[in-house]
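Student: I would like to learn how to read a helix in a model. Can we go through one step by step?

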Amino acid sequence: MKVVICKDYEDMSKKASEFVINYMMEKPQIKFGFATGSSPIGLYKNLIAAQKEGEISFKYAKSVNLDEYVGIDPSNEQSYSYFMHENLFDHVAIKKENINLPYAPENDEKYALEYRKVLDEFGQRDIQILGLGPNGHIAFNEPAEKLNRRASIIKLTESTIEANSRFFENEDEVPKYALSMGVEEVFNAKTLIVLASGKNKHEAVKRILNEESIYTELPASLLNLHPNVYLFVDEEAYNG
Ligand code: GLP
């Protein structure tokens, strides 16, 4: 894993976006895996700005997303679909038909099977953007005795429900299940760009970087198995 230590959130977003922008300049028909959450918002802002400046174009870009809450409509402001439109898609020239978002209106594994097909057709991504859950989850692959290889519906842990409740009026409204890519699918990218900012990511970052073992109880520790991972981490997440 290549570790890029950044001063703060802004610096992390800047360095990660420079990497992505350079990649897009070389390969405009880039295949992206996008993530939601607060971690990539700054990166997306910088990509939007770079497109406005004419440095990059999304005309030939394609994307898949990591995950989505179960039972939440794309028109709901808390859905990851809404997030992606609000924070990126509505501001760049990516074609609608090139956007792939997971969707599960109810807790039924058939939606996961459908998404597996989408991912198989999409194939390997050039760049997968990833955030880290404070408990070390990647996408919605929560700490557990075993992890899913393929897209599945996942029961969220109490700690994730609590972490995500900041976006909802109250904790009862936070969905309890999500549709998420499995680990094998998350890893099906030439390059993984992992963003970690803030003290609440320190514990996970410290363990990923310092421990010699990998643990399904710390899904992000599996990142050590991918040959091409860039971790953009700010000082708070790195030093605690
Ligand atoms: C959610 C998402 C993850 C994301 C994580 C971190 O649970 N499923 O894909 O990486 O939160 O979120 P944040 O970037 O807001 O800390």
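Student: Which residue follows α4, and what is the sign of its phi?

Tutor: G123 follows α4, and its phi is positive, near 80 degrees. This is a predicted model, in which local features need pLDDT of at least 70, side-chain atom pairs count only at pLDDT 80 or more, and totals for chains, interfaces and linings use all residues. Residues are numbered from 1 along each chain as its sequence is written, and side-chain values use heavy atoms, with hydrogens and water left out.

Student: How is a helix defined, and what span should α4 have?

Tutor: A helix is a DSSP run of H or I with at least four residues, numbered from the N terminus. The expected span is 1.5 Å times one less than the number of residues. Helix α4 has 14 residues, 109-122, so 20 Å is expected; the end C-alpha atoms are 20 Å apart, which agrees.

Student: Which residues of α4 are buried?

Tutor: Buried means under 20% relative accessible area and exposed over 50%, with partly exposed in between (1.4 Å probe, protein chains only). In α4, Y111, A112, Y115, L119 and F122 are buried. Seen down the axis, these buried residues fall within an arc of 100 degrees, taken from the directions from the helix axis to the C-beta atoms, so they line one face of α4. The face turned away from that buried side carries the exposed residues K117, D120 and E121.

Student: What caps the N-terminal end of α4?

Tutor: D108 does: one of its side-chain oxygens lies 2.9 Å from the backbone nitrogen of K110.

How values were computed:
Helices (H or I, at least four residues) and strands (E, at least two) are DSSP runs, numbered from the N terminus. A polar contact is a pair of N or O atoms within 3.5 Å; within protein, one must be able to donate a hydrogen and the other to accept it, and residues adjacent in sequence count only if both atoms are side-chain atoms.
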